[in-house]
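The report below works through one protein chain, moving from its overall layout to two groups of annotated residues and the strands around them. Please keep the sequence and the coordinates at hand while reading.

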Amino acid sequence: MSVIGSLIFCTDCGNLLRESTGDANAILHCNVCGTRNKDTIPQTIISESKPSSFPSALRAKRSAVQTLSAEDRKTEAVIKETCEKCGRKEMFYTTVQLRSADEGSTVFYRCVCGFKKTSNN
Ligand SMILES: [Zn+2]
Ligand SMILES: [Zn+2]
């Protein structure tokens, strides 16, 4: 537990919990890492600041950034392409520019049966 002024930080991840309630029996629950921290009534103001005591809260949030799955792509179109699994004559396809413009693009094919394939132009 670090007490700086009346602000209380999580002992495990440095997340700012909230201001002290003034109740020594209160439990402050960290919503970043889940650690339960006891409230403390700040008796003294600690003026010394320790940047190293604010570690990875931001980093932890950044790692939770969502990645798009193939199903999230909204630009699917239908092409006359035969599915190798079920023989359907039409498949959905999406074109993705993976590298620089002069290196062509990758086409993702998807069938309603679940079959998927890619091809590089
Ligand atoms: Zn925490
Ligand atoms: Zn199919």
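In what order do the elements of the protein chain run from the N terminus on? In this predicted model, the elements follow one another as β-β-β-β-β-α-β-β-β-β, which amounts to 1 helix and 9 strands. Of the 121 residues of the chain, 7% count as buried, and among the contacts with a separation of 6 or more, 31% are between residues 24 or more positions apart.

**The N-terminal group of cysteines**

UniProt, in an unreviewed entry, places the feature "binding site" at Cys 10, Cys 13, Cys 30 and Cys 33. These four residues span 24 residues in sequence, yet no two of their C-alpha atoms are more than 8.8 Å apart, so they gather at one spot. Two of them, Cys 10 and Cys 30, also belong to the largest nonpolar core, which has 5 residues and is completed by Ile 8, Phe 9 and Leu 28.

Cys 10 is found in the loop between β2 (7–9) and β3 (16–19), whereas Cys 33 is found in the loop between β4 (27–29) and β5 (36–38). Cys 10 has 22 other C-beta atoms within 10 Å and is therefore buried, while Cys 33, with 14 such atoms within 10 Å, is partly exposed. Leaving aside neighbours within four places in sequence, Cys 10 is in contact with Asn 15, Leu 17, Cys 30, Val 32, Cys 33, Thr 35 and Asn 37; on the same terms, Cys 33 is in contact with Cys 10, Asp 12, Cys 13 and Asn 15.

**The C-terminal group of cysteines**

For "binding site", again from an unreviewed entry, UniProt lists Cys 83, Cys 86, Cys 111 and Cys 113. They span 31 residues in sequence, yet no two of their C-alpha atoms are more than 8.8 Å apart, so these residues too gather at one spot. Cys 86 lies in the loop between β6 and β7, and Cys 113 is found in the loop between β8 and β9. Leaving aside neighbours within four places in sequence, Cys 86 is in contact with Cys 111, Cys 113 and Phe 115, and Cys 113 with Cys 83, Lys 85, Cys 86 and Arg 88.

The table sets out the surroundings of four of the annotated cysteines.

| Residue | Other C-beta atoms within 10 Å | Class |
|---|---|---|
| Cys 10 | 22 C-beta atoms | buried |
| Cys 33 | 14 C-beta atoms | partly exposed |
| Cys 86 | 11 C-beta atoms | exposed |
| Cys 113 | 12 C-beta atoms | exposed |

**The sheet**

An open sheet of 4 strands has the order β6-β7-β8-β9, with antiparallel pairing. Its edge strands are β6 (77–80) and β9 (116–120), each of which pairs on one side only, and the twist averages 35 degrees from one strand to the next.

Strand β7 (residues 90–96) and strand β8 (residues 106–110) run antiparallel and are joined by 5 bridges, with Phe 92 having Arg 110 in β8 as its bridge partner. On the other pairing, 5 bridges join β8 to β9, which also run antiparallel, and here the bridge partner of Tyr 109 is Lys 117 in β9. β8 and β9 form a hairpin with 5 residues between them, and Gly 114 in the turn has a positive phi of about 105 degrees.

How many of the 5 residues of β9 are buried? The number is 0, so β9 lies largely in the open.

Conventions:
Residues numbered from 1 in each chain as written. Chains lettered and ligands numbered in written order. Predicted model: local features only at pLDDT ≥ 70, side-chain atom pairs only at ≥ 80, totals over all residues. Core = buried A, V, L, I, M, F, W, Y, C linked by C-beta atoms within 7 Å. Buried ≥ 20, exposed ≤ 12 C-beta atoms within 10 Å, placed from the backbone. Helix = DSSP H or I, 4+ residues; strand = E, 2+ residues; numbered from the N terminus. Contact = placed C-beta atoms within 7 Å. UniProt positions renumbered as here; feature names shortened; annotations may be inferred. Pairing = 2+ DSSP bridges. Axes fitted to C-alpha atoms, helices over the stretch in contact; angles between N-to-C directions.
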